[in-house]
Amino acid sequence: MSWIKGILFGVVGYLAGYWLSISLGVERGTEAPFAIGYVFFFAGWLLGAGVWDHWARSWFGLENKTPPTKESHGWKRYFMFSTDHKVIGVQYLVTFALIFFLAGAFAMAFRYELMRPGRDWLSPKEFNTVMSTHGILMIAVAVSAIIGAFGNFVMPIQIGAEDMAFPRINALSYWTTPPVVFLILGANLLQGADYGFDFGWTAYPPLSTVAGLGKLFFLLAFMTLGLSSILGALNILITVIRLRAPGMTWGRLPIFTWGVFTTSFLSLIFTQFVFTGLFMVVLDRVAGTAFFAPDQGGGALLYENIFWIYSHPAVYVMIIPGFAIMLEILPTFARKPLYGYKWAIGGFFGIVAMSATVWAHHMFTSGMPDWMTVPFMAATEFISIPTGIIFLSALGTIWMGKLRLKTPMLFALAVVFNFLIGGLTGIFNADVATDLQLHDTYWVVGHFHYTIVGGEIFALFAGIYYWFPKITGRMFNEKLGKLHFWWMFLGFQAVFLPMFWLGYNGMNRRIADYIPELAGTNMWVSASAFLLGASFLVFIYNVVNSWVRGPQAANNPWGARTLEWQIESPPIEHNFHQIPTVTGHPYDYGVEGSVHAVLAPQAEAAD
Amino acid sequence: MSTLAHDSKYQLVTRRLGLWLFILSESMIFIALLFTRFLMQGVYRPEELNQTLGLGITTILLISSFTANRAEVRIAQGDRTGFLRNLAITIILGLVFLVVVVAVEWPEALHFAPPSTGYGTLFFAITGMHAFHVLTGLIILIIIFFQGKRGQYSPEDHWGAESGVVYWHFVDVVWIFVYPILYLFGP
Ligand SMILES: [Cu+2]
């Protein structure tokens with residue numbers, strides 16, 4: 001299995017890299033041998049996980065082994081270097097669901113600390129490490145989960161393709177992610193001065209250039225995550241450009257596919273900036289360079305610029321796929337055509353085009369020249385125009401529709417509601433005058449949880465419920481699904497709505513303590529957080545139970561029109577008996593005579 | 001099932017497009033680093049920079065791009081010996097470039113611009129990042145060389161060789177930006 005072989009090869013690689021760097025004269029006891037060792041670990045891990053067996057052998061004149069299939073390996077292929085986009089989609093989904101719960105557990109840990117003012121059970125450094133671990137793991141989920149899971153499983157079927165354009169690169173981008181988790185958890189297990197990373201997920205220098213091996217682990221983990229994101233984006237772009245079925249014109253492309261497609265431009269281009277920024281921090285740590293040492297000719301603000309040039313577009317890497325799932329689901333359950341389809345796509349492109357012009361709104365309090373603040377404020381407020389268009393598309397689709405309030409639809413509607421609050425509270429962060437007061441307070445924490453959790457993660461769950469019957473061939477329990485929805489939705493409001501009040505009253509983020517006056521509200525938030533955490537037990541029970549022994553699902557239980565619903569559940573290998581011909585628009589619900597696609601007779605017979 | 005996606009000519013274009021997007025993405029690393037150069041140090045440049053050496057390695061790399069191109073043309077024409085000869089020259093030139101940078105240029109620069117200074121930081125980070133790309137390019141070209149020796153490429157199907165050569169051109173083009181920005185700019 002790929003996991004065992006990957007770890008074995010990785011450890012051998014690490015030892016080789018460590019030994020090599022020592023014998024080349026790198027000083028023992030510094031961080032450099034670890035950094036070089038990790039590069040070799042990473043290479044070894046990938047080779048062991050499958051790159052050697054299925055790819056690299058041919059470079060040396062050997063025969064590549066054939067990738068595992070359902071016939072040859074059954075369920076074990078989910079733990080192997082499969083090149084099947086549906087297997088990779090499931091691998092992503094399950095892996096990132098586990099990371100999501102793990103990151104959630106870290107949130108529970110520091111909410112326990114924040115229940116009462118003063119110190120309970122975490123030292124300040126432990127608190128900040130636990131908080132940062134929650135942050136970076138959730139960032140990983142937010143960046144990769146929807147694109148990795150549904151971008152892989154659903155998107156190729158939606159465009160009528162048999163697989164992704166580069167199946168092996170696709171497998172590679174999945175197998176790149178486990179080392180991220182190894183490193184982050186590893187940093188949490190280190191002892192003494194090496195323990196942890198206490199700088200949030202942003203890793204600003206000079207805090208991130210201070211000694212401590214755990215910090216290095218964090219930086220390497222983030223760089224690795226970036227690599228995975230870039231490879232995935234490349235594959236998605238080429239797949240959509242090159243592998244659309246006959247008749248699948250750009251004007252007929254399903255909106256979810258449009259979402260992951262436009263997002264991939266951002267990942268492909270901007271991820272390299274954060275990669276470079278983190279690389280500079282690593283160099284400052286291990287090679288003694290002076291990028292962020294002002295006394296030696298560097299500048300600490302440099303990092304903030306490079307970091308946010310990626311990390312603001314990154315919030316659109318998170319939310320655009322979320323919007324796309326929302327717009328995919330709303331027409332199906334409102335039984336109406338998607339309102340303003342072309343405008344919504346324009347909204348996606350508008351966001352992509354403008355996303356790199358707003359980064360410095362994260363730096364209003366960092367000491368930037370005054371004349372620069374207003375342009376960045378204006379640009380930030382302008383970007384709410386394309387966002388607003390997407391929003392109008394959602395509202396127009398719901399308007400006067402016959403809404404069928406199934407679980408996926410409830411989650412999609414919650415995205416509309418939550419993002420409205422997240423968007424409106426963001427205006428106060430974009431505005432220079434108010435941001436000077438609200439920066440680095442719980443107001444910001446509330447704002448980005450409403451947009452990313454309330455927007456994207458709710459959309460992720462909408463997608464999980466929506467495509468569950470397609471992926472597994474079984475139906476989940478609708479009652480438990482609704483219970484999970486209401487529990488999670490109300491729990492979410494109870495946790496994050498009070499945060500605006502906390503922030504407004506001056507509660508700082510990333511600090512283990514707060515003024516005693518805020519004790520009551522913090523107790524409420526923590527208690528609600530545990531309640532919110534418990535809601536996922538319902539989800540896990542429902543999903544696991546239904547996957548194992550749920551009732552057989554129909555091929556098209558929601559009566560949807562896009563291609564993935566016109567084939568078997570779960571789909572056969574290579575998805576289609578014959579490549580379909582696309583003849584019409586995907587969202588013409590209730591439009592007489594409109595046909596989205598014509599499939600080969602075998603598939604229809606199996607329907 | 002035969003579809004357009006399995007057509008070898010269509011697939012070749014798909015792969016080319018993929019490689020170009022990868023190169024676009026990879027260029028961003030150098031764009032970020034080269035912008036940093038101006039942000040941190042303006043156009044400052046130490047007097048002690050070895051201009052002869054800089055011009056020399058630039059020439060070597062440019063010639064290697066030419067021979068790499070010849071190699072690709074030769075395999076497209078079915079001339080395997082010419083392909084291998086040109087590829088071997090490319091690899092040797094690349095190795096010379098790498099060795100001169102690491103073994104001559106860097107030790108010299110350590111004296112007047114150590115990494116703990118502003119210019120030294122940029123010099124070592126940028127040439128180091130470029131050298132890393134040269135190294136990966138060389139590994140790819142060496143693998144291609146031995147594959148070619150085993151008779152793997154034909155005029156119709158030599159995507160492996162083509163992709164390696166295109167990547168090598170990319171490495172050279174990056175240097176064409178790195179060289180003036182590190183060696184020539186400034187008073
Ligand atoms: Cu931002």
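## Reading an interface and a copper site

Mentor: In this predicted model, chain A and chain B bury about 2,900 Å² between them, with 71% of that area on carbon and sulfur atoms.

Trainee: How should I read an area of that kind, and which three residues supply more of what chain A buries against chain B than any other three?

Mentor: The size of an interface is often expressed as the accessible area that is lost when the parts come together. Here, Glu162(A), Arg242(A) and Gln272(A) supply 20% of the area that chain A buries against chain B, more than any other three residues.

Trainee: How many residues of each chain are in contact, and which elements of chain A give two or more residues to the side that touches chain B?

Mentor: On the one side there are 37 residues of chain A, and they are in contact with 35 residues of chain B. The elements of chain A that give two or more residues to this side are helix 9 (213-242), helix 10 (255-286) and helix 11; of these, helix 10 of chain A provides the largest share, with nine residues.

Trainee: How do the residues on that side of chain A divide by character, and how many salt bridges and polar contacts are found between the chains?

Mentor: The side of chain A that touches chain B divides into 24 nonpolar, eleven polar and two charged residues. Across the interface the rule finds zero salt bridges, whereas ten residue pairs, both at pLDDT 80 or more, are in polar contact between chain A and chain B.

Trainee: Turning to chain B by itself, how many helices and strands are there, and what share of the residues is buried?

Mentor: Chain B has five helices and zero strands, which gives the pattern α-α-α-α-α when read along the sequence. Its C-alpha trace spans about 60 × 35 × 25 Å along the principal axes, and 51% of its 187 residues are buried. Among contacts in chain B with a separation of 6 or more, residues 24 or more positions apart account for 80%.

Trainee: Which protein atoms are the donors of the copper ion, and how are the donor residues spaced in sequence?

Mentor: The protein donors are ND1 of His312(A), NE2 of His361(A) and NE2 of His362(A), at 1.7 to 2.0 Å from the copper ion, and in sequence the donor residues follow the spacing H-x48-H-H. Because His312(A) lies in helix 11 (residues 300-334) and His361(A) in the loop between helix 12 (341-354) and helix 13 (370-382) of chain A, the pair ties together parts that are 49 residues apart in sequence.

Trainee: Are His312(A) and His361(A) buried or exposed?

Mentor: Both His312(A) and His361(A) are buried.

Terms used:
Residues numbered from 1 in each chain as written. Chains lettered and ligands numbered in written order. Predicted model: local features only at pLDDT ≥ 70, side-chain atom pairs only at ≥ 80, totals over all residues. Heavy atoms only, no water. Donors = N, O, S within 2.8 Å, 3.2 Å for Na, K, Ca; no water. Helix = DSSP H or I, 4+ residues; strand = E, 2+ residues; numbered from the N terminus. Buried < 20%, exposed > 50% of the residue type's maximum accessible area, 1.4 Å probe, protein only. Contact = heavy atoms within 4.5 Å. Buried area = accessible area lost by both parts, 1.4 Å probe. Salt bridge = Lys/Arg side-chain N within 4 Å of Asp/Glu carboxyl O. Polar contact = N/O pair within 3.5 Å; in protein donor to acceptor, adjacent residues only side chain to side chain. Nonpolar A, V, L, I, M, F, W, Y, C, P; charged D, E, K, R; others polar.
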